[in-house]
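Reader: I am in my first year and still learning how to read a protein model. Could you take me through one part of this one slowly and carefully?

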Amino acid sequence: MEALALNPLYEKVITDLMEQQYSIIENFFTADEVLALRESLLAKYDEDCFKKSAIGNMANEVVIEAIRGDFIYWLDEQNYNPAEQAFFTKIIDFKDYLNRTCFMGIADQEFHYAVYPPGTFYKRHLDSFQNDNRRKISVVCYLNHEDWQPEFGGELTIYKTVNGKEEELNIYPVQGRMVVFESQLLEHEVKPVKQERLSITGWLKSRPEVLF
């Protein structure tokens, strides 16, 4: 059997997840790929394709603006444009690598564009649902202007317990930056934004549990 060729970038993400449950990557996608995704998002937003985000899943979805205020557009694999196809080619390659090297049993992925207008936020939460624990790995790639400044707000705050003490990690949504973290372990929030904040966000998911 041919040995698996190691991918240094993927290996860094895996090592980070093992050691600290999250990874921050600046070069997962090329600058051109990020720009193409940004243009794709803005085109769909201008066409009024987005909807107000909700909390919960399926029949339990409810819009609560006191918890989150972003607008989202779910990506449909039957209608990918070239920018989205390039994005998913890399995401699926990463997913397959995780399955081959870490035996994670990831079977699917779901992603959406997200726009946070000024003044919006997303309160502290986990990405895993009580009635559906298939989300294993959370992924967010930022599509903002390359000169995003701290005073614009919108940082992703990840909460971690280290040696029995809670710590906060603030990650600013710099264009092209990708954050990967364990969906069922790390609570996080998006702090209030003062300038429109753009991203593509999603999850790598395991197979549904089969009950007998």
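Is threonine 89 buried, partly exposed or exposed?

Author: Keeping in mind that this is a predicted model, threonine 89 counts as partly exposed, because its relative accessible area is 48% and the partly exposed class lies between 20% and 50%. Threonine 89 belongs to helix H3, which covers residues 82-102, and its side chain reaches the backbone oxygen of glutamine 85 at 2.8 Å. If you look for valine 180 as well, you will find that threonine 89 and valine 180 are 91 residues apart in sequence and 17 Å apart in space, taken from C-alpha to C-alpha.

From there we can turn to glutamine 109, which sits in strand S4, residues 106-116. With a relative accessible area of 15%, glutamine 109 is buried, since the limit for that word is under 20%. When its neighbours within four places in sequence are left aside, glutamine 109 is in contact with Phe88, Ile92, Lys95, Trp203 and Leu204. For one of these partners there is also a distance along the backbone: glutamine 109 and phenylalanine 88 are 21 residues apart in sequence, and their C-alpha atoms are 9.1 Å apart in space. For lysine 95 there is a polar contact, in which its side chain and that of glutamine 109 are joined at 3.2 Å.

The charged side chains add another layer to the picture, with a count of 9 salt bridges. In one of them aspartate 16 is paired with lysine 12, and their closest N and O atoms are 2.7 Å apart. Because aspartate 16 and lysine 12 are 4 residues apart in helix H1, residues 8-20, they are separated by about one helical turn. The partners have their own degrees of exposure, for aspartate 16 is buried at 13% relative accessibility, whereas lysine 12 is partly exposed at 40%.

Another salt bridge joins the side chains of arginine 177 and glutamate 26, at 2.8 Å from N to O. Arginine 177 lies in the loop between S8 and strand S9 (178-182), and glutamate 26 in the loop between strand S1 (22-25) and H2, so this pair ties together parts that are 151 residues apart in sequence. Here arginine 177 is buried, at 17% relative accessibility, while glutamate 26 is partly exposed, at 43%.

A further salt bridge links aspartate 70 with arginine 68, where the closest N and O atoms are 2.7 Å apart. Aspartate 70 has a relative accessible area of 1% and is buried, and arginine 68 is buried too, at 9%. Elsewhere, salt bridges with shared partners join Glu110, Arg135 and Lys205 into one network.

Finally, two loop residues deserve a look for their backbone angles. Aspartate 48, in the loop between helix H2 (31-46) and strand S2 (51-52), has a phi near 60°, which is a positive value in a residue other than glycine. Aspartate 48 is exposed, with a relative accessible area of 67%. Asparagine 163, in the loop between strand S7 (156-162) and strand S8 (165-171), has a phi near 55°, again a positive value in a residue other than glycine. Asparagine 163 counts as exposed because its relative accessibility is 81%, and the class begins over 50%.

Technical notes: Residues are numbered from 1 along each chain as its sequence is written. This is a predicted model: local features need pLDDT of at least 70, side-chain atom pairs count only at pLDDT 80 or more; totals for chains, interfaces and linings use all residues. Side-chain values use heavy atoms; hydrogens and water are left out. Buried means under 20% relative accessible area, exposed over 50%, partly exposed in between (1.4 Å probe, protein chains only). A polar contact is a pair of N or O atoms within 3.5 Å; within protein, one must be able to donate a hydrogen and the other to accept it, and residues adjacent in sequence count only if both atoms are side-chain atoms. Contact means heavy atoms within 4.5 Å. A salt bridge is a side-chain nitrogen of Lys or Arg within 4 Å of a carboxyl oxygen of Asp or Glu.
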